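Here are my notes on the charged pairs and the cysteines, set out as numbered points for checking against the coordinates.

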Amino acid sequence: MTTTEPARHREQRRQDVLDRLEQDDDLWVATASPGGEPCLVPLSFVWDRGTILMCTRRTNPTARNLTPAGEARVSLGHTRDVVLIEGTAEPVEGSALATESADAFAAKLGGWDPRDRTSWVYLRLTPRTVKAWREENELPERELMRDGAWLV
């Protein structure tokens, strides 16, 4: 399927990605177990100082899958407005999380504050690659970040 809309230039796509990271509430998180079993779940998040901060129960597969390799993919948007981010995620205990980060997370999630709940763990994803596209005409220049550095 082709579109009649012109392709956005990369600078506009980068700004659109940053806007989504600031404004969206949820994203899809994909991880895999050490044995290769995939796991895909929605999580709420906050864009925090250039990283994606999420939270889940420490016993959930998403948290367990990050322990061995730390690799994760997250996706925002729908199939006609994709933001795909790959990076390294690390668990962060609530007691170790900077106060301003925990406050920002709680504020965005309507006051839900898991930092004192020992059964929960924060996950901080540092983006390594970012790709964004809407239609086929944006596929050639979809890569906006490589090796943790914005290309635009």
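1. Cysteine 55 is buried (buried being under 20% relative accessible area, exposed over 50%, and partly exposed in between, with a 1.4 Å probe and protein chains only), its relative accessible area being 6%. This is a predicted model, in which local features need pLDDT of at least 70 and side-chain atom pairs count only at pLDDT 80 or more, while totals for chains, interfaces and linings use all residues. Residues are numbered from 1 along each chain as its sequence is written, and side-chain values use heavy atoms, with hydrogens and water left out.

2. With a disulfide taken as a pair of cysteine sulfur atoms within 2.5 Å, the count is zero. The sulfur of cysteine 39 has its closest cysteine sulfur in cysteine 55, 15 Å away, which is too far for a bond; cysteine 39 is also buried, at 13% relative accessibility.

3. Salt bridges (a side-chain nitrogen of Lys or Arg within 4 Å of a carboxyl oxygen of Asp or Glu) number 17. In one of them, glutamate 138 pairs with arginine 8, with 2.7 Å between the closest N and O atoms. Glutamate 138 lies in the loop between strand 6 (120-133) and strand 7 (143-146) and arginine 8 in the segment before helix 1 (10-23), so the pair ties together parts 130 residues apart in sequence (helices, H or I of at least four residues, and strands, E of at least two, are DSSP runs numbered from the N terminus).

4. Glutamate 138 is buried at 2%, and arginine 8 is buried at 11% relative accessibility.
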